[in-house]
Structures are given as C-alpha cells and as structure tokens.
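Hello,

Here is the structure we talked about handing over. Please open it next to this email and follow along.

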Amino acid sequence: MNQVKMVLIFAILLFLSCVNVSAQVIKGRVTDSTTNEALSYAAVEIRSFEDDVYIGGSSTNEKGEFEFHLKGRYPKIRITVSFLGYKTIQKVYAPATEYSYLKFEMQEDSQTLNEVVVKGLSPAEKVQRLAYNVSLVETAKLKSTTMDLSNVIDKISGVKIRSTGGVGSEANVTLNGFSGRHVKIFIDGVPMDGMSSAFGLNNIPVGLAKRVEVYKGVVPIELGGDALGGAINIVTDNSRCTRVNASYSFGSFNTHKTNVYAEHTTKKGFYVSLNAYQNYSDNDYKVNIDSYTKFNEDGSNQEVKENLTVRRFHAKYHNEVAILKIGIVDKTFADRLLLGFMGGYEYKQTQNASTMDGCMVHATPRPIR
C-alpha cells in the first residue's frame with residue numbers, strides 16, 4: 001500500500017514538473033526612450049513568428065509593466081507594442097525555458113503636417129442657416145457706388161419697393177403681399193419707426209450697410225414680434241480698422257449723391273467712426289397732366305381740360321445724415337463700449353409721380369408750356 005502511494009506521489013510530481021517546464025512566461029516593461037518614464041496602458045500583442053497566429057494581447061499597468069503566460073511552447077514569437085503618439089515597436093524573440101523579461105523603449109512619433117486651414121461660418125452664413133425664411137444680400141462689391149438700399153432690396157425675390165416720385169419721394173415696401181406697418185425696418189436691430197424719411201430705404205446708401213437681411217413671415221424675437229409681413233434688418237459693418245471710403249455721383253435734374261465713411265482704431269483701443277451721406281435733386285423732370293386751373297385777370301378762374309407735358313417745379317429735395325460713434329473696443333470689461341449720435345436734416349417740397357391726372361385742378365401756379 002505504501003508503495004502505491006509513493007508511485008502516485010511521484011507521478012503527480014513528475015506531471016507538475018512537466019507543466020512547469022512546458023509553460024512560458026513573458027514579462028516586460030514599456031518606457032519613454034527620452035525621459036525613461038513608464039508608459040501606462042500601452043497595447044502589447046503577441047503572435048507566432050512562423051505562421052503569424054494571434055497568441056494573446058493586453059496592455060501595460062500603471063508602472064508600464066506587462067506579463068503573459070503562454071499556453072504551449074513557441075520557438076519564436078513576435079511582440080508588437082503600440083502607444084498613441086509613439087512609434088510602434090516590433091521584436092522577434094525566442095522565449096527562455098522559464099521566463100523572459102523584455103524592455104521596450106519607445107520614441108515619440110513627430111510628424112510634420114501640411115498647412116491646415118480651419119474655416120468657421122461667417123455671420124452671413126450663420127444667418128442663412130437659421131430656421132427662418134430669410135434672404136440675404138451682402139454689399140461688399142457695392143461700397144464704392146452711390147446706389148441706395150431700395151435698389152438693392154428691390155432685387156430680392158418677394159420684395160417690391162415702389163416710389164411715388166423722384167429723389168426724396170415716399171417709398172412703399174411690399175413683402176410677400178404685406179406692406180405699411182406690417183413690414184418693419186431695422187438698423188442693427190433698432191427699429192426705424194420714429195425716424196424721418198431721411199433714413200428711408202431710398203435715401204440710405206449701400207455704403208452704410210455690410211449686409212441686408214430680409215425676413216419673410218416669422219421674424220426673430222430680437223427684432224420684435226409685431227411684424228406680421230416680415231422685417232428688413234440693415235446690418236452695419238462692425239469690423240475695426242483704419243479706413244476711409246467716399247463716393248459721389250451726379251445725375252439728371254441736378255441730382256447729387258455723396259457718401260463718406262471713415263473710422264480709426266488706435267493701439268490702445270480708442271475707436272471713432274463717422275458715416276455721413278447727402279442727397280440733393282431739383283426734381284424738375286417732365287410730368288403729364290390732363291387739366292389745369294387758369295386764373296383770369298379779374299380774379300376768376302376756370303378749369304381747362306387739356307393734355308400737357310410740363311416741367312415739374314417746386315419739387316426740390318435734399319437731406320443730410322451723419323452717424324458718429326466714439327468709444328473703446330477690445331477691453332477686458334467690454335468688447336465694444338460706444339457712444340453714438342445719429343442726426344439728420346431734410347428739406348422736402350412737393351413730390352409727385354410722372355403722371356398727375358386730375359392733380360392740377362386746384363394748383364395755384366400756372367403750368368409752363
């Protein structure tokens with residue numbers, strides 16, 4: 001009986017020794033080649049060298065160490081170590097009988113990239129991506145012209161601007177079938193309801209605006225909610241630099257249009273800008289009438305039915321507007337802290353369209369033939 005026990009014990013010890021001999025242990029450590037600091041959580045993968053069969057994989061611990069217990073014996077293995085920002089290392093190794101301790105020193109992978117341009121959305125593109133039915137016109141190419149905003153906005157789909165006469169006449173804006181008080185006009189979000197016609201769309205030059213936003217139907221809450229038909233927001237140029245821009249034009253009927261814009265920003269952040277424009281016209285264009293009042297020497301008068309083409313008189317118009325801004329910019333307590341002044345003067349005589357059927361019946365001056 002004792003002999004049987006001895007045989008069993010010997011067999012067990014023999015089996016354990018065979019398992020210990022056949023098992024292979026791979027240990028190692030991964031560090032930075034420059035600083036010799038441990039690289040935690042680096043990926044380690046082991047494959048057979050002959051047929052490239054996956055054997056095992058893991059990652060290093062906080063000390064940069066790893067350990068593998070191979071099932072079976074392999075004459076050669078391929079060990080791959082990779083880590084973000086470092087060059088991948090591969091080693092072919094023949095494991096020892098009991099265990100092996102390997103060291104991997106990784107080098108940073110520095111690469112020179114080509115030029116990378118990161119482009120964000122411009123303010124105009126941000127407006128176009130809003131959840132509103134909005135049309136937008138930028139006026140950068142029209143800065144040096146003397147066009148007024150009515151000429152620009154009239155080209156937008158769904159918008160119609162009708163003038164009742166020449167320079168200085170009333171301009172009626174129709175937006176998707178709505179007009180009058182149903183269409184609101186804003187400059188940088190400030191309503192223009194209380195302003196005179198000197199700030200009308202047919203008087204404001206395009207040089208005053210950076211872009212024009214036309215909202216059809218639903219209007220952003222910052223522009224107010226009482227614009228049933230829509231709103232037109234004139235956005236001025238808030239970019240800060242030193243520049244001067246001026247334009248002048250002369251046209252028929254002694255028409256003069258001038259626009260001057262100047263701004264300056266010092267290195268210490270002092271900012272000043274002036275935007276001024278003027279419009280002048282005699283408006284002595286020809287009009288058609290079908291009747292006029294004739295005054296006799298005895299003081300009586302009579303209505304004369306006659307189709308005439310006469311030159312318009314008493315229709316002179318001129319206006320002057322100045323917008324001044326003074327303040328500081330790019331400070332820790334404020335990006336823009338400005339004090340603004342807006343003033344305008346307007347002189348307006350009688351304005352009429354080119355056809356005045358029945359409008360001259362009670363006119364006092366005698367028409368010029």
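Which residues does Arg78 touch, not counting residues up to four places away in sequence? They are Glu45, Ile46, Arg47, Ser48, Phe49, Asp52, Gln90, Lys91 and Val92. Arg78 itself sits in strand E5, residues 77-82. With one of those residues, Asp52, there is a polar contact between side chains, at 3.4 Å.

**Confidence**

Keep in mind that this is a predicted model. Mean pLDDT for the protein is 81, and 86% of its residues reach 70 or more. Two stretches need care. Residues 16-22 have pLDDT below 50, and the model gives this stretch four contacts beyond near neighbours in sequence. Residues 358-369 also stay under 50. For that second stretch the model has 22 contacts beyond four places in sequence. Where pLDDT is low, the predicted coordinates should not be read in detail.

**Strands E1 and E4**

Strand E1 covers residues 24-32 and runs antiparallel to E4, with six bridges joining them. Val25 has His69 in E4 as its bridge partner. In a regular strand, side chains alternate between the two faces of the sheet. Strand E4, residues 65-70, shows this alternation. Phe66, Phe68 and Leu70 point to one face and are buried. Glu65, Glu67 and His69 point to the other face and are not buried.

**The five-stranded sheet**

An open sheet is built from five strands, in the order E16-E17-E18-E21-E22, with antiparallel pairing. The edges are E16 (243-251) and E22 (336-348). Each edge strand has a single partner, so one of its sides has no neighbour in the sheet. On average, neighbouring strands of this sheet are turned by 5° against each other, direction ignored. Inside the order, E18 (residues 270-281) and E21 (residues 317-329) are joined by twelve bridges and run antiparallel. Look at Tyr271 for an example: its bridge partner in E21 is Gly327.

**Salt bridges**

The structure holds seven salt bridges. Lys257 pairs with Asp148, with the closest N and O atoms 3.4 Å apart. This pair links distant parts of the chain, 109 residues apart. Lys257 is in strand E17 (residues 255-265), while Asp148 is in the loop between strand E8 (134-138) and helix H3 (149-153). Both Lys257 and Asp148 are buried.

Arg211 forms a salt bridge with Glu213, the closest N and O atoms being 2.9 Å apart. Arg211 and Glu213 are both buried.

Lys305 and Glu303 meet through their side chains at 3.0 Å, N to O. Are these two residues buried or exposed? Lys305 counts as exposed because its relative accessibility is 65%. Glu303 is at 42%, so it counts as partly exposed.

There is also a network of salt bridges that links Asp237, Arg243 and Glu263.

**Asn202**

One last residue to look at. Asn202 lies in the loop between strand E13 (190-191) and strand E14 (211-216). It counts as buried because its relative accessibility is 12%, and the cut-off for buried is under 20%. Leaving aside neighbours within four places in sequence, Asn202 is in contact with Asp148, Ser150, Ser169, Glu170 and Ala171. Asp148 is also the salt-bridge partner of Lys257.

Best wishes

Conventions
Residues numbered from 1 in each chain as written. Predicted model: local features only at pLDDT ≥ 70, side-chain atom pairs only at ≥ 80, totals over all residues. Heavy atoms only, no water. Buried < 20%, exposed > 50% of the residue type's maximum accessible area, 1.4 Å probe, protein only. Helix = DSSP H or I, 4+ residues; strand = E, 2+ residues; numbered from the N terminus. Pairing = 2+ DSSP bridges. pLDDT = per-residue confidence, 0-100. Contact = heavy atoms within 4.5 Å. Axes fitted to C-alpha atoms, helices over the stretch in contact; angles between N-to-C directions. Polar contact = N/O pair within 3.5 Å; in protein donor to acceptor, adjacent residues only side chain to side chain. Salt bridge = Lys/Arg side-chain N within 4 Å of Asp/Glu carboxyl O.
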